[in-house]
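Colleague: Got a minute to walk me through this one? I'd like to know what I'm looking at before I get back to the bench.

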Amino acid sequence: PPAMGVGPPPEPAVPEPSESEAGVELVADSVKGDFRSAMQRFRGQVSHAIKTVAEDVHIEVPDADVEDIAASAADDETRAILTEAMLTWQDVIQQTIESLRLAGRGKGPMGEVEYWRR
């Protein structure tokens, strides 16, 4: 015969929720679903904005050893590589600023919002 008192304890009885408690649970589930949906839309918009910026702006970092700044400054080849990179960066930054300026021209503050929605 099985030993007395050995084994899992009996599960406690869980009362059925009242109508008002059930209504609160339904509202809570609805709010959770709405929140989850809004967060997914927001995540999609942020992902789109990141992708748009990443696709439009490319700034390459040159492969130059700059651990020793004094030695790098004295090396003509390293200076030439870094100067070329900075001139390229300057052009890319100017083009990006100009495209942003043109995208929102004449539309007021909503011009920028419309630009980022594309």
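Colleague: Let's start with Asp 76. Is its side chain buried or exposed?
Modeller: Asp 76 is exposed, at 51% relative accessible area. Keep in mind that this is a predicted model.

Colleague: What does the side chain of Asp 76 meet in a salt bridge?
Modeller: The side chain of Arg 79, with 2.7 Å from N to O. Side chains of opposite charge can pair when their charged atoms come close.

Colleague: And how far apart are those two along the helix?
Modeller: Arg 79 and Asp 76 are three residues apart in helix α3, so about one helical turn separates them.

Colleague: How open is Arg 79?
Modeller: Arg 79 is partly exposed, with a relative accessible area of 39%.

Colleague: How many salt bridges does the structure hold?
Modeller: Just one.

Colleague: Okay, zooming out. How many helices and strands are there?
Modeller: Four helices and zero strands. Going along the sequence, that reads α-α-α-α.

Colleague: What share of the chain counts as buried?
Modeller: Of its 118 residues, 8% do. The accessible surface is about 10400 Å², and carbon and sulfur atoms account for 61% of that.

Colleague: Give me one of the buried ones, then. Where is Thr 78?
Modeller: Thr 78 sits in helix α3, which covers residues 76-103. Its relative accessibility is 9%, and under 20% means buried, so Thr 78 counts as buried.

Colleague: Which side chain does Thr 78 make a polar contact with?
Modeller: With the side chain of Asp 75, at 2.5 Å. If you skip neighbours within four places in sequence, Thr 78 is in contact with Ala 64, Asp 65, Val 66 and Ser 72.

Colleague: Tell me about Ser 72. Where is it, and is it buried or exposed?
Modeller: Ser 72 is found in helix α2. Ser 72 is buried, with a relative accessible area of 9%. A polar atom of the Ser 72 side chain lies 3.0 Å from the backbone oxygen of Asp 65.

Colleague: And which residues does Ser 72 contact beyond its sequence neighbours?
Modeller: Leaving aside residues within four places, Ser 72 is in contact with Asp 65, Val 66, Thr 78 and Arg 79. That Arg 79 is the one whose side chain meets Asp 76 in the salt bridge.

Colleague: Back to Ala 64. Where is that?
Modeller: Ala 64 is in the loop between α1 (19-56) and α2 (69-74). Not counting residues up to four places away, Ala 64 touches Thr 78, Ile 81 and Leu 82. Ala 64 and Leu 82 are 18 residues apart in sequence, and their C-alpha atoms are 7.6 Å apart in space.

Colleague: Different topic: which residues make the nonpolar surface patch?
Modeller: Phe 35, Met 39, Phe 42, Val 46 and Ile 50, giving a patch of about 510 Å². Met 39 belongs to helix α1. At 42% relative accessible area, Met 39 is partly exposed.

Colleague: Last thing: where is the confidence highest and where is it lowest?
Modeller: It's highest in α2, at 87, and lowest in helix α4 (residues 110-117), at a mean of 70. The chain averages a pLDDT of 76, with 65% of the residues scoring at least 70. Where pLDDT is low, the predicted coordinates should not be read in detail.

How values were computed: Residues are numbered from 1 along each chain as its sequence is written. This is a predicted model: local features need pLDDT of at least 70, side-chain atom pairs count only at pLDDT 80 or more; totals for chains, interfaces and linings use all residues. Side-chain values use heavy atoms; hydrogens and water are left out. Buried means under 20% relative accessible area, exposed over 50%, partly exposed in between (1.4 Å probe, protein chains only). A polar contact is a pair of N or O atoms within 3.5 Å; within protein, one must be able to donate a hydrogen and the other to accept it, and residues adjacent in sequence count only if both atoms are side-chain atoms. Contact means heavy atoms within 4.5 Å. Accessible areas come from the Shrake-Rupley method with a 1.4 Å probe; for residues, only the protein chains shown count as cover. Patches are made of residues with over 30% relative accessible area and no salt bridge: like charges are joined within 9 Å, nonpolar side chains (Val, Leu, Ile, Met, Phe, Trp, Tyr) within 5 Å. A salt bridge is a side-chain nitrogen of Lys or Arg within 4 Å of a carboxyl oxygen of Asp or Glu. pLDDT is the predictor's confidence in each residue, from 0 to 100.
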